[in-house]
Amino acid sequence: MLRHTDTIFALSSGAVPAGLAVIRISGEDVPSVLASLIGELPPPRQAALRSIRTRNGLTIDTGLILFFPAPNSFTGENVAELQLHGGRAVVNALQNELVIFQKLRQALPGEFARRAYENGKLDLIEVEGLADLIAAETEMQRRIALEQSAGGLSSIYNGWADRVTRARALIEAELDFPDEEDVPGSVSDQVWVDVERLVREVADHLEQAGTGEIIRDGFKIVIAGRPNAGKSSLMNALALRDVAIVTDIAGTTRDILQVDLNIDGYLVKLYDTAGLHDTDEVVEREGIRRARKLMAEADLVLYVEDVSAEPSADQAPDGALRVGTKGDLRRRSKSNYELVVSTTAGTGLEALRALIGQHLKTKVHPQSMAIPTRARHRDALAASLAALKASLRAPERGLDLRAEDLRIAGDELGRITGRVDVENLLDVIFGEFCIGK
Ligand code: GDP
């Protein structure tokens, strides 16, 4: 256990003013600080209603106090949570009182979570899951983050890492005592059979990484089509607010606009792009270049065409969902659309949302919520998988070289949970939190 000499505090609840404000304090000095603020300490983990006073005996507020003695707390240190009325002056008064104590200071962003990690209360995957849970906006984001923060994903990686360690131990035994009767003769047989099984399990799991990343970061949908096709109007209609400027002047959307939607509990990132056509105008050309780049990265392209316009020779990109717009106007275009909408009349929009939901679910169908959610996980899993596969190749290299491959595979797994050296990653991971977490 890492011992910090300073005790930290922060407002852990949302912005004031609010009904309640929760101030969290963590560190060695929590009992003495509490004693000064409220007198006798409440029984561990039981709420007690107390007056909170300055050292001069003036009442700051009355509220519920919770005390969690180390090591049974979020951080593993002594922790107190003070529930005050959520007024700005109330919170300020308590914070002003707290800073007077020696060795007591405001927590840095993510510092509570970092202490929890250092004290073995959370591993790295759980820390990331916690950051995601706090940031979750949609039901699917919440579910995947909860699974991760509660250790579901960690237990998979720990289980695999343990199997790799066991395989290495068996190989070591064979190398150390090649002729011993006690050590099963062909250790390799069972070791390599299990490594083969592990390769399949890791590969299946890794295939779900795309799904996990889409659930966490959003399903990217790009609206594309000719100028004036009705792209911006469609974006506004799906967003239910005016995000994009709508005019009948072609080429108004030059940069990329983005809005978040929630479709069937999934986060969808919707992008409006510059109209695709030939132009010499420099800014517009840059907009079109960006639009094409974004279309290439999209999970789904909504290719929109004005049904009242002359049919154009333009081709919708492969796999795009073809949407006819301005369905309220007389139809000239003979193209086949999967759907026709009118943002003016408000028709076809529900059907479009449903169709987007279907496309989303053909691409994103998680078999479990314990799946990788970040490039960091994916990269380490891929490296681990490569090392596992390497250990199976060219057995004639000898057991010690193959065992070295297994060591690498195990280290990569350990890096995901933070069992293995990750010092360089910590600032990045904890930097995601804001103060109070
Ligand atoms: P963008 O250039 O593709 O983004 O197209 P806009 O959304 O800016 O729309 C271009 C023009 O078409 C504007 O004058 C809109 O008012 C008009 N428009 C957009 N959607 C509809 C629709 O559903 N029906 C009708 N009648 N006009 C529309």
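This report walks through the ligand site, one buried threonine, a helix face and some backbone features of a predicted model.

**Around the ligand**

Let's start with the ligand, which has 16 residues around it. K231, S232, S233, D328 and T344 are the closest of these. Sorted by class, the shell holds 8 polar, 5 charged and 3 nonpolar residues. Three of the polar approaches to the ligand are set out here.

| Ligand atom | Protein partner | Distance |
|---|---|---|
| oxygen | polar backbone atom of A229 | 3.1 Å |
| nitrogen | N or O atom in the side chain of D328 | 2.8 Å |
| oxygen | polar backbone atom of T343 | 2.8 Å |

On its own the ligand would expose 580 Å², and the protein buries 83% of that area.

**T373 and its surroundings**

Next, have a look at T373, in the loop that runs between helix 11 (349-363) and helix 12 (375-392). Is T373 buried or exposed? With a relative accessible area of 1%, T373 is buried, because the cut-off for buried is under 20%. Its side chain makes a polar contact of 3.1 Å with the side chain of Q148. Beyond its neighbours within four places in sequence, T373 also touches other residues, including D132, I144, G212, E213 and R216.

**One face of helix 5**

Q148 leads us to helix 5 (residues 139-149), where the buried residues are M140, Q141, I144, A145, Q148 and S149. Viewed down the helix axis, these buried residues fall within an arc of 155 degrees, so they line one face of helix 5. The spacing fits a simple rule: an α-helix has 3.6 residues a turn, so residues three or four places apart point the same way. Which elements do the buried residues of helix 5 pack against? They pack against helix 4 (124-135), helix 6 (152-176), helix 8 (209-217), strand 9 (266-272) and helix 12. Just after helix 5 comes G151, with a positive phi of about 95 degrees.

**Backbone features to look for**

Two cis peptide bonds can be found in loops. One joins V16 and P17, with omega about 0 degrees, and P17 sits between strand 1 (7-11) and strand 2 (18-26). Another runs from A70 to P71, with omega near 0 degrees; P71 lies between strand 4 (59-68) and strand 5 (79-86).

Positive phi values also turn up in residues other than glycine. R45 has phi near 60 degrees and lies in the loop between helix 1 (30-38) and strand 3 (48-53). At 48% relative accessibility, R45 is partly exposed. A394 has a positive phi of about 45 degrees, in the loop between helix 12 and helix 13 (399-417). A394 is partly exposed too, at 31% relative accessible area.

How values were computed. Residues are numbered from 1 along each chain as its sequence is written. This is a predicted model: local features need pLDDT of at least 70, side-chain atom pairs count only at pLDDT 80 or more; totals for chains, interfaces and linings use all residues. Side-chain values use heavy atoms; hydrogens and water are left out. A residue is near a molecule or strand if one of its heavy atoms lies within 4 Å of it. A polar contact is a pair of N or O atoms within 3.5 Å; within protein, one must be able to donate a hydrogen and the other to accept it, and residues adjacent in sequence count only if both atoms are side-chain atoms. Accessible areas come from the Shrake-Rupley method with a 1.4 Å probe; for residues, only the protein chains shown count as cover. Ala, Val, Leu, Ile, Met, Phe, Trp, Tyr, Cys and Pro count as nonpolar, Asp, Glu, Lys and Arg as charged, and the others, Gly among them, as polar. Helices (H or I, at least four residues) and strands (E, at least two) are DSSP runs, numbered from the N terminus. Buried means under 20% relative accessible area, exposed over 50%, partly exposed in between (1.4 Å probe, protein chains only). Contact means heavy atoms within 4.5 Å. The arc is that of the directions from the helix axis to the C-beta atoms.
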